[in-house]
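Q: I would like to learn how to read a structure feature by feature. Can you take me through this one?

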Amino acid sequence: MTFTTEQIAQLARELQESEKSRVQIEHFSKRFPGMTIEDGYAVSRAWVQMKLAEGRKTIGHKIGLTSRAMQQASQITEPDYGTLLDDMLFEPGDIPTSRFIAPRVEVELAFVLKKKLEGPQISTQDVIDATEYVTPAIEIIDSRIEQFDRHTNVMRKVFDTISDNAANAGIVIGGRKMHPRELDLPWCGAILRQNGAVEETGLAAGVQGDPAIGVAWLAMKLAPWGECLEAGEIVLAGSFTRPVAAKKGDVFDADYGQLGRFQFRFV
């Protein structure tokens, strides 16, 4: 790690201020060209700790950059992850646009755990055994760190995204709750409509071949930090569509077939 404790705290404060003011900040990776993935997670953790100190509660985790296309675009070989907090959880219906800077919508599956997942060796079977149910979920991602540099139009690096709590901002859960053994997980699919038009379609196989693989990966990634996936937590397994930009007035319809259908609107 290249960052000092003071730098980590300073960058976490900048993210906190950006979220509250809804004014994006420039890339950390431009200011600190030697920044590492470990630095990114250190900043993200410090920012989450700041939120917990203000009274927020952890409700789970999200996995991002799960598709090969996204990993290649970000020049990485594995996903990233962030923390879900209680104020990010929405029910289908009205979503306040004022909560976000540049919201985008992704189609995912959420695993809700009934047992703890911890340790350096976790299999997909362990994930299935530890899951109470799988349910449709929409992740609302956002950018406190600007996506494209305001001066050069260069895209932010993965270190920036990781610092930014893996671009995590909101989660909408709806539809049916089903045990993963009742489903052929890779073949779970969804149709996302925006204002009546089909904007995206996809299969959960787009998430590393099987969304349970990502959940196992995350449990193993948390182990060196002395952390784990706790019983009762929600784990967003990763998007199987591209992100769709959302603005005030947009109505989204997420149809997951046998897993159900729900709508939400940015107001």
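Q: Which residues does Tyr 256 touch, not counting residues up to four places away in sequence?
A: In soluble globular proteins, nonpolar side chains tend to be buried together. This is a predicted model. In it, Tyr 256 touches Val 107, Glu 108 and Leu 109. The list goes on with Pro 136, Ala 137 and Ile 138, then Gly 189 and Ala 190. Phe 240 and Phe 262 complete it.

Q: How many residues are in the largest nonpolar core, and which have the most contacts inside it?
A: That core has 52 residues. Ile 138 and Tyr 256 have the most contacts inside it. Helix 7, residues 211-222, gives the most to this core, with seven residues. A second, separate core has 13 residues, including Ile 8, Ile 25, Ala 42 and Trp 47.

Q: Along strand 13, which side chains are buried and which are not?
A: In a regular strand the side chains alternate between the two faces of the sheet. Strand 13 covers residues 261-266. Phe 262, Phe 264 and Phe 266 point to one face and are buried. Arg 261, Gln 263 and Arg 265 point to the other face and are not buried.

Q: In which sense does strand 4 pair with strand 13?
A: Strand 4, residues 93-95, pairs with strand 13 in the parallel sense, over three bridges. Ile 95 stands opposite Phe 266.

Q: How many bridges join strand 12 to strand 13, and in which sense do they run?
A: Five bridges join them, and the two strands run antiparallel. Strand 12 covers residues 251-255. Val 251 stands opposite Arg 265. Strands 12 and 13 form a hairpin with five residues between them. In the turn, Gly 257 has a positive phi of about 65 degrees.

Q: What links Arg 265 to Asp 94?
A: Side chains of opposite charge can pair when their charged atoms come close. Arg 265 forms a salt bridge with Asp 94, with the closest N and O atoms 3.2 Å apart. Arg 265 lies in strand 13 and Asp 94 in strand 4, so the pair ties together parts that are 171 residues apart in sequence. Arg 265 is partly exposed, at 38% relative accessible area. Asp 94 is partly exposed too, at 46%.

Q: Where in the chain do Glu 200 and Arg 242 lie?
A: Glu 200 is in strand 9, residues 197-203. Arg 242 is in the loop between strand 10 (234-236) and strand 11 (244-245). The two are 42 residues apart, and the pair links distant parts of the chain. Their side chains meet in a salt bridge of 2.7 Å, N to O. Glu 200 is buried at 14% relative accessibility, whereas Arg 242 is partly exposed at 40%.

Q: Is Asp 255 buried or exposed?
A: Asp 255 is buried, because its relative accessible area is 17% and the cut-off for buried is under 20%. Its side chain meets that of Arg 261 in a salt bridge of 3.5 Å, N to O. Arg 261 is partly exposed, at 47%.

Q: How many salt bridges are counted?
A: The count comes to 20 salt bridges. Glu 19, Lys 51, Arg 144 and Asp 164 are linked in a network of them.

Q: How many disulfides does the structure hold?
A: A disulfide is a covalent bond between the sulfur atoms of two cysteines. This structure holds zero. Cys 188 is buried, at 7% relative accessible area. Cys 228 counts as buried as well, at 10%.

Q: Where is Leu 229 found?
A: Leu 229 is in the loop between helix 7 and strand 10. It counts as buried, at 0% relative accessibility. Beyond its neighbours within four places in sequence, Leu 229 is in contact with residues including His 61, Leu 113, Val 215 and Val 235. Leu 229 and Ala 130 are 99 residues apart in sequence and 9.9 Å apart in space, C-alpha to C-alpha.

Q: What feature does UniProt place at residues 101-266?
A: The unreviewed UniProt entry places "domain: Fumarylacetoacetase-like C-terminal" there. Over residues 101-266 the chain is 15% helix and 34% strand. The end C-alpha atoms of that stretch are 13 Å apart.

How values were computed
Residues are numbered from 1 along each chain as its sequence is written. This is a predicted model: local features need pLDDT of at least 70, side-chain atom pairs count only at pLDDT 80 or more; totals for chains, interfaces and linings use all residues. Side-chain values use heavy atoms; hydrogens and water are left out. Buried means under 20% relative accessible area, exposed over 50%, partly exposed in between (1.4 Å probe, protein chains only). Helices (H or I, at least four residues) and strands (E, at least two) are DSSP runs, numbered from the N terminus. Two strands pair if DSSP finds at least two bridges between them. A nonpolar core is a set of buried Ala, Val, Leu, Ile, Met, Phe, Trp, Tyr and Cys residues joined through side-chain atoms within 4.5 Å. Contact means heavy atoms within 4.5 Å. A disulfide is a pair of cysteine sulfur atoms within 2.5 Å. UniProt positions are given in the numbering used here, feature names are shortened, and annotations may be inferred rather than shown by experiment. A salt bridge is a side-chain nitrogen of Lys or Arg within 4 Å of a carboxyl oxygen of Asp or Glu.
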